[in-house]
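Hi everyone, thanks for making time. I'd like to walk you through a structure that is new to most of us, so have a look at it first.

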Amino acid sequence: KAHRSAVSAEAYGDWNKKEDFHPRVIPKSQEQKERISERLSKAFMFSSLDEHEKEIVINAMDERIIGRGETVIRQGDDGAELFVVDSGTLQCFKVINGQNKYLKDYGPGEAFGELALLYNAPRAATITASTDSVLWSLDRECFNHIVKGSAVRKRERYDQFLSKVKLLESMDPYERSQLSDAFINVAFNEGDYVIREGQEGNEFYIIEEGTAIATKTIHPGHAPEEVLRYSAGDYFGELALIKNEPRAANVIASSRLKCVMLDRHSFKRLLGPVEDILKRNARNYEDIVAKKR
Ligand code: CMP
């Protein structure tokens with residue numbers, strides 16, 4: 001809570017300085033507003049906005065109807081807006097070393113075109129509709145005043161940390177930096193349970209600072225036994241999300257502990273590229289337990 005109000009106070013601070021910022025208001029039906037709100041809730045870039053900021057953004061959004069085959073963003077152009085997909089599918093291509101490379105698809109609830117606005121850079125890739133699509137576009141002015149500050153700070157804050165997390169080594173730097181947008185900070189005192197064996201779980205954690213241990217019931221009727229130790233850069237909580245099973249162990253802070261957390265939706269969307277590594281690493285758990293039996 002404290003964090004959120006601090007962010008919005010700063011956003012308003014910037015905007016008060018520029019007294020000439022009057023966010024554009026494009027008339028919309030209630031149904032359209034709810035639709036945009038639903039889409040925004042899935043776009044990580046907007047996840048730390050408060051309700052008032054979200055309302056400003058929703059009012060400023062403009063509907064764009066795009067035909068199949070139409071190019072929305074062209075690599076190298078200047079950029080003036082960011083887009084959120086309402087419906088349809090678009091493809092992202094980037095010329096790398098003279099070769100035009102397909103990077104990814106965009107679908108409903110995903111945002112693109114943020115880089116040029118975040119870093120005042122030319123468009124870094126080309127985005128073309130592969131079906132008829134409906135987009136919501138947000139103008140640079142509104143983006144700069146409401147979204148940019150906190151997004152840039154979050155990315156700067158986590159960039160170095162993320163480059164040191166072994167699990168994420170193989171990830172594309174662009175996709176890795178998107179994790180920052182979705183991170184939620186959580187802190188624990190020594191002895192706190194972050195995760196309890198047997199409970200339902202919807203969160204994934206990476207340790208920023210401090211240590212934790214995992215304990216697990218190996219001999220039924222006896223106390224759980226220590227199975228792993230964690231320190232900065234280590235992760236836990238992935239198994240319940242991958243397997244859709246209850247938590248397989250306790251995780252207990254063994255010092256003051258600071259973590260970044262992803263919810264199930266962000267985990268699935270952003271850590272897809274390392275799912276195989278997560279599954280491979282998870283086989284070690286079985287070996288550790290087998291040795292203790
Ligand atoms: P922008 O540079 O404004 O316009 C092109 C968009 O493509 C860019 O913002 C991102 O939203 C998106 N994109 C997707 N993947 C990449 C990538 N690997 N590198 C750069 N941009 C990417």
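Let's start in helix 3, where E53, I56, V57, I58, N59 and A60 are buried. By buried I mean under 20% relative accessible area, with exposed being over 50% and partly exposed in between, using a 1.4 Å probe and protein chains only. Helices here are DSSP runs of H or I with at least four residues, strands are runs of E with at least two, and both are numbered from the N terminus.

At the N-terminal end of helix 3, D50 acts as a cap: one of its side-chain oxygens sits 3.1 Å from the backbone nitrogen of H52. That's a polar contact, meaning a pair of N or O atoms within 3.5 Å; within protein, one must be able to donate a hydrogen and the other to accept it, and residues adjacent in sequence count only if both atoms are side-chain atoms.

Before I go on, a word on what you're looking at: this is a predicted model, where local features need pLDDT of at least 70 and side-chain atom pairs count only at pLDDT 80 or more, while totals for chains, interfaces and linings use all residues. Residues are numbered from 1 along each chain as its sequence is written, and side-chain values use heavy atoms, with hydrogens and water left out.

Now the cores. A nonpolar core is a set of buried Ala, Val, Leu, Ile, Met, Phe, Trp, Tyr and Cys residues joined through side-chain atoms within 4.5 Å. Which residues touch the most other members of the largest one? They are F46, V57, M61, L138 and V147, out of 25 residues in that core. Helix 2 (30-40), helix 3 (51-60) and helix 5 (140-163) are among the elements giving it two or more residues, and helix 5 gives the most, with six. Take F46: leaving out residues up to four places away in sequence, F46 touches L40, K54, V57, M61, L82, V84, L138 and V147, where a contact means heavy atoms within 4.5 Å. There's also a second, separate core of 24 residues, including F204, L262, F267 and I277.

On to the ligand. How many residues surround the ligand? There are 15, and the closest are G113, E114, A116, R123 and A124; to count, a residue needs a heavy atom within 4 Å. Helix 4 gives the most to this shell, with three residues. For polar contacts, an N or O atom in the side chain of E114 is 2.6 Å from a ligand oxygen, a polar side-chain atom of Y174 is 3.2 Å from a ligand oxygen, and a backbone N or O atom of L115 is 3.4 Å from one. Taken alone the ligand exposes 450 Å², and the protein buries 95% of that, with areas from the Shrake-Rupley method and a 1.4 Å probe; for residues, only the protein chains shown count as cover.

Two more residues to find on screen. R39 lies in helix 2, and R39 counts as buried because its relative accessible area is 14%. Its contacts beyond four places in sequence are V84, V85, D86, P108 and G109. P220 sits in the loop between strand 12 (212-216) and strand 13 (225-230), and P220 counts as exposed because its relative accessibility is 71%. P220 and G109 are 45 Å apart in space, C-alpha to C-alpha.

Finally, the whole chain: it has nine helices and 16 strands, and buried residues make up 45% of its 293 residues.
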